[in-house]
Amino acid sequence: MSTTTFIRTADLKGLVADFNAAGIGVAGPARTSDGAVDYQSITSFDAVVLDAQPRNSLKQFFLPPTEPLFKYARQGQDVAILEVPMSFPPRVLIGARPCDAAAVEVLDRVMNWDYKDEPWFARRDATTIVTFACPGGDRSCFCTAVGLAPDATRGSDLLLAPAGDGYVVEIVTPKGQKLVDAYAKRFATGAGVDATKAYRDTARASVEGHVPARPDVIRAWVETHFEDPFWAEISMRCHGCGGCAASCPTCHCFDIVDEPETLTEGVRRRNWDTCQTSLFTMHASGHNPRHDQCGRCRQRVNHKFAIYPARFNDILCTGCGRCARTCPAGQDVTEILTRIVAMATGQGGAA
Amino acid sequence: MNVYQPFRVRIEERIDETADTRTLRLKFLDPDIAEKFDFKAGQFGEYSVFGAGECTFCIASSPTRKGYIECSFKTVGKVTSAMKDLEVGDVMGFRGPYGNAFPMEQMHGGNVVFIAGGIGLAPVRCVIWNVLDERNKFKDVTIVYGARSVADLVYKRELEDWGKRPDVKLWTTVDPGGETPDWKGQVGFVPAIVEKASPKADNSWAVICGPPVMIKYTLPVLKKLGFTEDRILTTLENRMKCGIGKCGRCNIGPVYVCKDGPVFTAAEMAKLPNEF
Amino acid sequence: MTELRELARRLLSEGTVNAVLGWEEGPRGARPAFVTTPDGADRLIFDPRCVHDLASYLSPRRPHLKKLGKVAVVLKPCDARAVAGLIRETQIPRENVVLVGVRCGGVLADPESTAPLSETTVADRCRGCPDREAKLADHVVGTAGAGFPGPSRRAQKIEELAAMPVDRRWDFWQAELSKCVRCHACRQVCPLCFCERCMADKSLPRWIESSPHARGNIAWHITRAMHLAGRCVDCGECERVCPEGIPLGLITRKIAQVVSDRYDFRPSDDPAVPAPVGTYRMDDPQEFIL
């Protein structure tokens, strides 16, 4: 068991005020103008909404929808490359969900695969993730089927769970410890982890059983059923809109584009992209190796549940269920995974 | 300097290979990088025109020839069109080298058969140069190269040089109807010419690159000649952005072309799903 | 519902069509269904949760559905307007599709909703909708409620925006469009975004920057609005799918108002009415041409 401490709700509010005063950026789940909850910049803990899963994930804080990689300036035949700063102001993400915090660490694998992605890790270094144990989810949640839990500490620096007039604070990483030390007066002795057991148990019960916890079975089936009619069947309803990828905490595919600002100057940017579109794999010649939606639907499942596990021994999914909630056509990852397990274990085939 | 920031390279020379294919010889602006830069035969890079974007090609020159790199490209999209507009002296970007390479050391002491079609000669040419520059490390060298027509043959001066060498067996061919009155090479499709050339399979390696249909019909010929799948090497291309395993674009089933490739054996290719 | 299922079963068993596109019960409420066997017809449902515009699946931009061959599609009156749009602009031949109209008195905003249909729960776009059944349909089934009176809240919001000083309206749209991540989901689900290659995907030249910054986002949404002038049927799919919650319907509705006021065109389910973009009349307003 990691070290724990305690923080009263009033001190949590004070802590956010301390961050503001120290010039540390704070972001957390808060209401948007259209009534949804998004992770966004906040200035007061009062704005934080903890009882709804945010519509977006945390990935934007590490891999923004668009970011400059460098700038260039042409002078005659020459070109000057102007580096963009790879250091970022400190930020605390408060009220993160365990599935979203875990996703960030899952992505550290690919972002550090032989080549270090500096923009990603510079933001990682500057950010402290203060996660709140999840109160429980809906029918699309399945974190426990991918090795996580509503109170998983993975990817978090601190994990808070409610108890009495405040929160039991689990110190998960040295970075979390540093934060507690720096604001020691805000933390106190209080209830221990045991006091949060009922809360954690309720949350766990709410997400269990939505997908069989058989990631190895899923992986083995996907690896051996590339041409299965199942993919064509599920792809029929898919519009290729990529809403699943945009809302996904682990979908990280990106595009690199040049955008001129003037005749001689411009920016090379990295932008979010999605494997659900035709353009993603289309060659300049017009040849498209992944030529229809069937292959694209398969790719998303394959990447998450087979390719990533084979490569990094990690599942590229944290069971947050956003893709199912966001899909305009009712494509549902819990159903897909459940059916794969059923097919793999001989209890059903393509409908 | 982050991993997505390219080296600056200057165009030293432009060679028009065909009506729509050009070779650029590029030199690194920074003398330090020019000195240190090294790569292996078969590796690729991300070439860029500032303002247009990046594009993926193999390095078409040989690592045995230091101080510059070359790329050959066909004008098809946004970046290659912008590359076509560049002049000698213009500065481009280059990131790399990325990916795996041909197993040159393993190939030492063996015969090598090169088979290429159209602009597929570019990645093969890198290996041909490498082999010819270390000629004593290899036994028989056979090159079979074909294009649609005489006008579509790339690296014409080098074909001439290779043809003159007594230690290279060169077979050039054009598709029926693509010949000119003074054409002295073969007329016919690459698989048939490979069969005609009939290189021996014993202690041999085949390096093949070209249009999918050429590869499809050449593989059975090579197998008939006795080549085993682990001795047939090819290089794949797929749309890429990062080149370093992050952007998620170049998967063929479980394989990342940018990290596991671009060089694959026919045995590895046979295991890949039909997604390229 | 029995009527719908029986009809679908007959169309499939007689071989009139290879598939019936309708709605089924999914894990999270109603969702599109592709029924390819007569027995599968029992999966079909229709109720106020069936908000999806299935006409999107008829778009020629869905090559993976071409192999289904001839299909029947279940349509609400608003969806029929989209099918008429596709026929009007020669995207699909009328004879290639069997249209099954369902009578409709409005749908909910959300296919997951469990609330009964009421003045407060009805989708905003259904307020003031005059159509109870699709005239274009080959078959019409079901019964319809009375519908809901207008004006929609959105129409009120459009008036409110129109009354704003230009700089405040600009601020409003800047704030809304700054949320856009350029996933282009709005385009992908749109039944009338039928271009084989979207202008936003073209790179020679790059007309619209693909980056989700203010410049690229505004260029994209203004272009899309213009391209949907005289096409948008107000199915609401773009707004429903937007992962950032941008009120895209305000844009498309405003444009539709302009087209209605100036060119006397309102999308109907009559494909014989010529498309305003493809028609020139001597009395067309043209004072904007300098």
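**Domains, sheets and helix packing in chains A, B and C**

In the predicted model, the domain assignment divides chain B into domain 1, covering residues 7-98, and domain 2, covering residues 104-235. The centres of these two domains of chain B, taken over C-alpha atoms, lie 24 Å apart. Their contact draws 16 residues from domain 1 of chain B and 16 residues from domain 2 of chain B. On the side of domain 1 of chain B that touches domain 2 of chain B, the residues comprise six nonpolar, seven polar and three charged.

Chain B also contains an open sheet of seven strands, which follow one another in the order S10-S9-S8-S7-S11-S12-S15 with mixed pairing. Strand S10 (186-187) and strand S15 (263-265) of chain B stand at the edges and have a single partner strand each, so one side of each is left without a neighbour in the sheet. Within this sheet, strand S7 (residues 111-117) and strand S8 (residues 141-147) of chain B are paired in the parallel sense, and six bridges connect them. In this pairing, B:Val112 has B:Val141 of S8(B) as its bridge partner.

Helices of chain B pack against these strands. Helix H5 (residues 156-164) of chain B lies across S8 and strand S9 (169-174) of chain B, and runs at about 140° to S9(B). Helix H6(B) likewise packs on the sheet, where it touches S7, S8, S9 and S10 of chain B, and the direction of H6(B) makes about 155° with that of S8(B).

Two packed helices are described by the angle between their axes and the distance between the axes. For helix H6 (residues 190-197) and helix H7 (residues 212-225) of chain B, the packing angle is about 20° and the axes are 8 Å apart. Angles under 35 degrees count as roughly parallel, and H6(B) and H7(B) are therefore roughly parallel to each other. The crossing in which H6(B) passes H7(B) is right-handed. To this contact H6(B) contributes B:Val190, B:Pro191, B:Val194 and B:Glu195, while H7(B) contributes B:Met214, B:Tyr217, B:Thr218, B:Val221 and B:Leu222. Sorted by character, the residues of the contact of H6(B) with H7(B) are seven nonpolar, one polar and one charged.

Chain A is likewise divided by the domain assignment, with domain 1 spanning residues 4-207 and domain 2 spanning residues 215-344. The C-alpha centres of domain 1 and domain 2 of chain A are separated by 25 Å, and the contact takes 33 residues from domain 1 of chain A and 29 residues from domain 2 of chain A. On the side of domain 1 of chain A that touches domain 2 of chain A, the elements giving two or more residues are strand S4 (66-75) and helix H2 (98-111) of chain A. S4(A) gives the most to this side, with nine residues. The residues of this side of domain 1 of chain A divide into 20 nonpolar, six polar and seven charged.

In chain C, five strands form an open sheet in the order S2-S1-S3-S4-S5, again with mixed pairing. Its edges are strand S2 (29-35) and strand S5 (139-141) of chain C, each of which has a single partner strand, so one side of each is left without a neighbour in the sheet. With direction ignored, neighbouring strands of this sheet are turned by 30° against each other on average. Strand S4 (residues 97-102) of chain C runs parallel to S5(C) and is joined to S5(C) by three bridges, and C:Val102 stands opposite C:Val141 in S5(C).

Notes
Residues are numbered from 1 along each chain as its sequence is written. Chains are lettered from A and ligands numbered from 1 in the order in which they are written. This is a predicted model: local features need pLDDT of at least 70, side-chain atom pairs count only at pLDDT 80 or more; totals for chains, interfaces and linings use all residues. Domain bounds come from an automatic or database domain assignment. Two residues are in contact if their C-beta atoms, placed from the backbone, lie within 7 Å. Helices (H or I, at least four residues) and strands (E, at least two) are DSSP runs, numbered from the N terminus. Ala, Val, Leu, Ile, Met, Phe, Trp, Tyr, Cys and Pro count as nonpolar, Asp, Glu, Lys and Arg as charged, and the others, Gly among them, as polar. Axes are lines fitted to C-alpha atoms, for helices over the stretch in contact, and angles run from 0 to 180 degrees between N-to-C directions. Angles under 35 degrees count as roughly parallel, over 145 as roughly antiparallel, 65 to 115 as roughly perpendicular and the rest as oblique. A crossing is left-handed if the near helix is turned anticlockwise from the far one by less than a right angle, and right-handed if clockwise. Two strands pair if DSSP finds at least two bridges between them.
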